[in-house]
Amino acid sequence: MGLYLHTIDNAIGRLRQFNPQNGGYIYIPWNIDGNRGLRVTGIISQSVDKGKHWFLNIGTNVSLNRSVDFANTKTTADFYKSIVHNLHVSPNAGIDYRYSKWHASFKASADWERLTSAQEGFETLSQVDFLYTISLNAPLLFSIDLNTDMNLFMRRGYSNRAMNTDEWVWNVNLSRCIDKRKAWLLKLSAHDLLGQLSAVRRTLNAQGRVETVNNTITRNIMLHIIWKFNKKASKK
């Protein structure tokens, strides 16, 4: 169980001023006060069998943040403070199975977000992201280790329809030590094998504005050569 409070003085906001001469905007970084938040967390992990192979994990994270930035109208040089309250509720639950070098798990989580503001023209936003994950770590033949996970990302409630998506993401890692001392590791990683993860990521910031990131690399295969070294303390 945890309780956290924070406040930020002289945060850097983005002051946007309208230029009536050319109809454009001037963006200026400017200090602003009033950003603060509260967060409560809780985690429970408990074995559910005598052999301690099965584990149940439950957690939650609740946060309430006050985000302050600058805003202005489209036709004047005047600006005012934009105060938005953000409520996040993020529960999660999962079950793990462990036996020798085998490890399997299932986890379900949600991230519900509600943004409200008293400022004129602000539309209350309420959306939720779901994540379901099945993972497996297992030893294979020829001393090869398998690490794979299947994920379902679901987004609901966004006013921008392009943000309401379902994406299946499958990742696979194969690794093997290639020397007797197990200092060298050869690893093959494949991400997003199904090719459903979008290269365009749209998110909402603390002010309820849509931020877009383009041209992210999602589907790839990489070969790693990893050297592990341990330095033992000399005996005196």
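The following dialogue explains how several descriptions of this predicted model are justified.

Guide: This is a predicted model, in which local features need pLDDT of at least 70 and side-chain atom pairs count only at pLDDT 80 or more, while totals for chains, interfaces and linings use all residues. Residues are numbered from 1 along each chain as its sequence is written, and side-chain values use heavy atoms, with hydrogens and water left out.

Visitor: How many helices and strands are in the protein?

Guide: The protein has 0 helices and 14 strands. Both terms refer to DSSP runs numbered from the N terminus: helices are H or I with at least four residues, and strands are E with at least two. Read from the N terminus, the elements run β-β-β-β-β-β-β-β-β-β-β-β-β-β.

Visitor: What radius of gyration does the protein have, and what would a compact globule of 236 residues have?

Guide: The protein has 24 Å, whereas a compact globule of 236 residues would have a value near 18 Å. The radius is taken over C-alpha atoms, and the globule rule is 2.2 Å times the number of residues to the power 0.38. The C-alpha atoms fill a box of roughly 70 × 55 × 40 Å along the principal axes.

Visitor: Why is Arg155 called buried?

Guide: Buried means under 20% relative accessible area, exposed means over 50%, and partly exposed lies in between (1.4 Å probe, protein chains only). Arg155 has 12% relative accessibility, and therefore counts as buried. In the protein, 28% of the 236 residues count as buried.

Visitor: What makes the contact between Asp129 and Arg155 a salt bridge?

Guide: A salt bridge is a side-chain nitrogen of Lys or Arg within 4 Å of a carboxyl oxygen of Asp or Glu. The side chains of Asp129 and Arg155 meet at 3.8 Å, N to O, so the pair satisfies the definition. This pair links distant parts of the chain, with Asp129 in strand β8 (residues 125-139) and Arg155 in strand β9 (residues 145-156), 26 residues apart. Asp129 has a relative accessible area of 24%, and is therefore partly exposed.

Visitor: How many salt bridges does a search of the whole structure find?

Guide: The search finds 2 salt bridges. One of them joins the side chains of Arg156 and Asp166 at 2.8 Å, N to O. Arg156 is in strand β9 and Asp166 in strand β10 (residues 166-177), 10 residues apart. Arg156 has 31% relative accessibility, so Arg156 counts as partly exposed. Asp166 has 43%, so Asp166 also counts as partly exposed.

Visitor: How do you know that strands β11 and β14 pair?

Guide: Two strands pair if DSSP finds at least two bridges between them. Strand β11 (residues 184-191) and β14 are joined by 8 bridges in the antiparallel sense, so the requirement is met. For instance, the bridge partner of Trp184 is Trp227 in β14.

Visitor: Why is strand β14 described as hardly covered?

Guide: Strand β14 (residues 220-227) has 8 residues, and the count of buried residues among them is 0. Ile225 is found in this strand. Ile225 has a relative accessible area of 58%, and is therefore exposed.

Visitor: Which residues make the nonpolar surface patch?

Guide: Patches are made of residues with over 30% relative accessible area and no salt bridge; like charges are joined within 9 Å, and nonpolar side chains (Val, Leu, Ile, Met, Phe, Trp, Tyr) within 5 Å. The nonpolar patch covers about 1,100 Å², and its residues include Leu140, Trp184, Leu186, Ile225, Trp227 and Phe229. The elements that give two or more residues to it are β11 and β14. The largest share, 4 residues, comes from β14.

Visitor: What makes Lys52 and Lys182 notable in their phi values?

Guide: Lys52 has a positive phi of about 55° although it is not a glycine, and phi of Lys182 is near 60°, also a positive value in a residue other than glycine. Lys52 lies in the loop between β4 (35-47) and β5 (54-72), and Lys182 in the loop between β10 and β11. At 54% relative accessibility, Lys52 counts as exposed. Lys182, with 55%, is likewise exposed.

How values were computed:
Accessible areas come from the Shrake-Rupley method with a 1.4 Å probe; for residues, only the protein chains shown count as cover.
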